[in-house]
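Visitor: I should be grateful for a close look at a single part of this model. Please take one residue as the point of departure and then relate its setting to the rest of the chain.

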Amino acid sequence: MTTYDRLTANPPPGVDEADVGTEDGEACGRFSEPDEDAPRGYRAKPCPGEMIAEGGFIACDTCGEAV
Ligand SMILES: [Zn+2]
């Protein structure tokens, strides 16, 4: 019986959230809020920052987003 074997390959809970960095040293990858002034069809690029452990929490060194 192998019908359900593929289910074990599913990511653990939480991984299917936005694919952003949450650990020290990970790439941020967050998308900034859409800009009203952005041209039509503009595609936001993911933040190129890196998550840094800082004073007990993890924050991006570029956009400042804290975890
Ligand atoms: Zn960032």
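Guide: Ala27 counts as partly exposed because 15 C-beta neighbours lie inside 10 Å, whereas 20 or more would be needed for a buried residue and 12 or fewer for an exposed one. This assignment, like every value that follows, is computed from a predicted model. Ala27 belongs to the segment before strand 1. Once its neighbours within four places in sequence are left aside, Ala27 is in contact with Gly21 and Glu50. A further spatial relation links Ala27 to Cys47: the two residues are 20 apart along the chain, and their C-alpha atoms are separated by 8.2 Å.

From this segment one may turn to strand 1 itself, which comprises residues 51-54. Strand 1 runs antiparallel to strand 2, residues 57-60, and four bridges join the two. Together they form a hairpin with two residues between the strands. In the turn, Gly55 has a positive phi of about 55°. Within the pairing, Glu54 stands opposite Phe57 of strand 2.

Ile52 offers a second point of reference, this time within strand 1. With 16 C-beta neighbours inside 10 Å, Ile52 also counts as partly exposed, since that count falls between the limits of 12 and 20. Its contacts, not counting residues up to four places away in sequence, are with Asp24, Ala59 and Asp61. Of these, Ala59 falls within the residue range 57-60 of strand 2. Ile52 may also be related to Ala66: 14 residues separate them in sequence, and the distance from C-alpha to C-alpha is 9.2 Å.

The setting of these residues can now be placed against the whole. The protein chain has two strands and zero helices, and those two strands are the partners in the hairpin described above. Of its 67 residues, 7% count as buried; Ala27 and Ile52 are not among them, as each counts as partly exposed. Finally, when contacts in the protein chain are restricted to residues at least 6 apart in sequence, 34% of them join residues at least 24 apart.

Note on methods: Residues numbered from 1 in each chain as written. Predicted model: local features only at pLDDT ≥ 70, side-chain atom pairs only at ≥ 80, totals over all residues. Pairing = 2+ DSSP bridges. Contact = placed C-beta atoms within 7 Å.
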